Amino acid sequence: MPKIKQPARSPHIDMTPMVDLFSLLLTFFMLTTSFRPQEAAPIETPSSVSEKQAPDNDIMTIFIAKDGKVFFNIDNGRDTSTHFREKLLQKMAEQYKLTFSKIELDKFGKMSSFGMPIKDIKAWIIAKEPEVRDKLQIGIPMDSTDNQLAWWVRMARLTNLNAEVAIKGDAETDYTTVKKIMDLLQENKVNKFNLVTNLQADEVTMKDMPK
Amino acid sequence: MGEIIVEEKGKKGGKRQAKKHSTRIDMTPMVDLMCLLITFFMLTTAFSKPKVMVITMPEKDPKDEPKDAPRISSERTLNILLTADHKVYYYQGMIDPKKPPMPELIKTDFSKDGIRKVLLLRNKDLFTKIADYRNLRVTGKLVVADTTADSEIKRFKKEDKKGPIILIKADDKAKYKDMVDIIDEMAICNVASYAVVDFTPAETELLKNAPK
């Protein structure tokens, strides 16, 4: 009896279902993504039970790193044509008698959090290498003789009237630094703060009530 | 040349047939690219938006500085002192430097049986009220919108006249985490009135002699 000949199979696999799936996933991720903003320093926030979400727009964030360095960030607003960042830098430049070109302002508008004395900000904007840029991030000075952070907050409040203030501090930061910043904010008539935290569910029911 | 064409025509029966291509397209490069893109989006995406805890401070007016602090009943006042190494101390009432004895400082911590127990016990009435109200909603006996429930709970807190008034004080050795934790504890225990205030000199003195 002759052997039954197996028909020669093509080595190709049908990849159509796989491609279908990948397309779906890709579309999903592309639509849901909101890019994680670049941060000047790693900050581990403390946790709380609060479930309130941070607003997306109209928010200025003050970052406090573990070593007490302070960084600042403000968004461009809900409407991209408002260019709050450019306007803010322009105002700060007038305050500190500096000049920025149109290109520099434009570039600043697209960047994220920063923390350096105002005189170094030009170097930070035009720096090409990330190493150079990181080296410039030494924190915004906030001593009583030249409180630049206060000016940033003041000018940001004037630029974007609806801006809320968020404080994103590292869990291990000294409370004095945070207190200093809260006092500074209160001096600038900011009485409502959003403290950025991680969500950590912790519920207490009547069963936990001590007898 | 013409002859050859004629000959070919003859061979293929008059029709010139194109070489048969497979209808399949090689999708490997496309899949490669998609894999890369998916990986990229998966890694850069920030799914969980940060949560915030809102804290509102009383307005600071330099003109009002010499004014006396608002009078609050000393039986309801509970002072919480935060200091180094995540330690928590609390004492009842107010310190009057002229009138010893000084109140006793009690040491506790952030654990479940620590400060939470103290707060729950003092805030029992309000906590029970809110817990009952939430329970009614969970069991379906009461059907109201979330916003209505929130304002109702807010009303409970406002009407509360027996619960403690917590004064939170942190010294310069405390960490930011301690402050967030204690405010969080207020939210967990449904404490209606609390405030973040500064240390008084008498309290600094008291803390020096506190149990370690």
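**Notebook: helix packing, domains and the A–B contact**

I began with the helix pair in chain A: A:Arg85, A:Glu86, A:Leu89 and A:Gln90 of α2(A) meet A:Leu105, A:Asp106, A:Phe108 and A:Gly109 of α3(A). I took two residues to be in contact if their C-beta atoms, placed from the backbone, lie within 7 Å. Helices (H or I, at least four residues) and strands (E, at least two) are DSSP runs, numbered from the N terminus. The residues of this contact divide into three nonpolar, two polar and three charged. For these classes, Ala, Val, Leu, Ile, Met, Phe, Trp, Tyr, Cys and Pro count as nonpolar, Asp, Glu, Lys and Arg as charged, and the others, Gly among them, as polar.

I noted the provenance next. This is a predicted model, in which local features need pLDDT of at least 70 and side-chain atom pairs count only at pLDDT 80 or more, while totals for chains, interfaces and linings use all residues. Residues are numbered from 1 along each chain as its sequence is written, and chains are lettered from A and ligands numbered from 1 in the order in which they are written.

I then looked up the geometry of the pair. The axes of α2 (residues 84-95) and α3 (residues 102-110) of chain A come within 8 Å and cross at roughly 125 degrees. This crossing makes α2(A) oblique to α3(A); angles under 35 degrees count as roughly parallel, over 145 as roughly antiparallel, 65 to 115 as roughly perpendicular and the rest as oblique. Axes are lines fitted to C-alpha atoms, for helices over the stretch in contact, and angles run from 0 to 180 degrees between N-to-C directions.

In the loop between α2 and α3 of chain A I found A:Lys97. A:Lys97 has a positive phi of about 55 degrees, although it is not a glycine. With 6 C-beta neighbours inside 10 Å, A:Lys97 counts as exposed. A residue is buried if 20 or more other C-beta atoms, placed from the backbone, lie within 10 Å of its own, exposed if 12 or fewer, and partly exposed in between.

I turned to chain B, which has seven helices and six strands. Of its 212 residues, 22% are buried. In the loop between β2 and β3 of chain B, I noted B:Asp85, a residue other than glycine with a positive phi near 55 degrees. B:Asp85 is exposed, with 10 other C-beta atoms within 10 Å.

I checked helix α3 (residues 115-122) of chain B: six of its eight residues are buried, so it is largely enclosed by the rest of the structure. Those buried residues are B:Ile115, B:Arg116, B:Val118, B:Leu119, B:Leu120 and B:Arg122. They pack against β2 (77-83), β3 (87-92), β4 (106-108), α4 (124-139) and α6 (176-188) of chain B.

I consulted the domain assignment, automatic or from a database, which gives chain B domain 1 (72-119 + 163-212) and domain 2 (124-162). Their contact takes four residues from domain 1 and seven residues from domain 2. The C-alpha centres of the two domains lie 27 Å apart.

I closed with the chain pair: 51 residues of chain A are in contact with 43 residues of chain B. On the chain A side, α1(A) gives the most, with nine residues. That side divides into 24 nonpolar, 17 polar and 10 charged residues.
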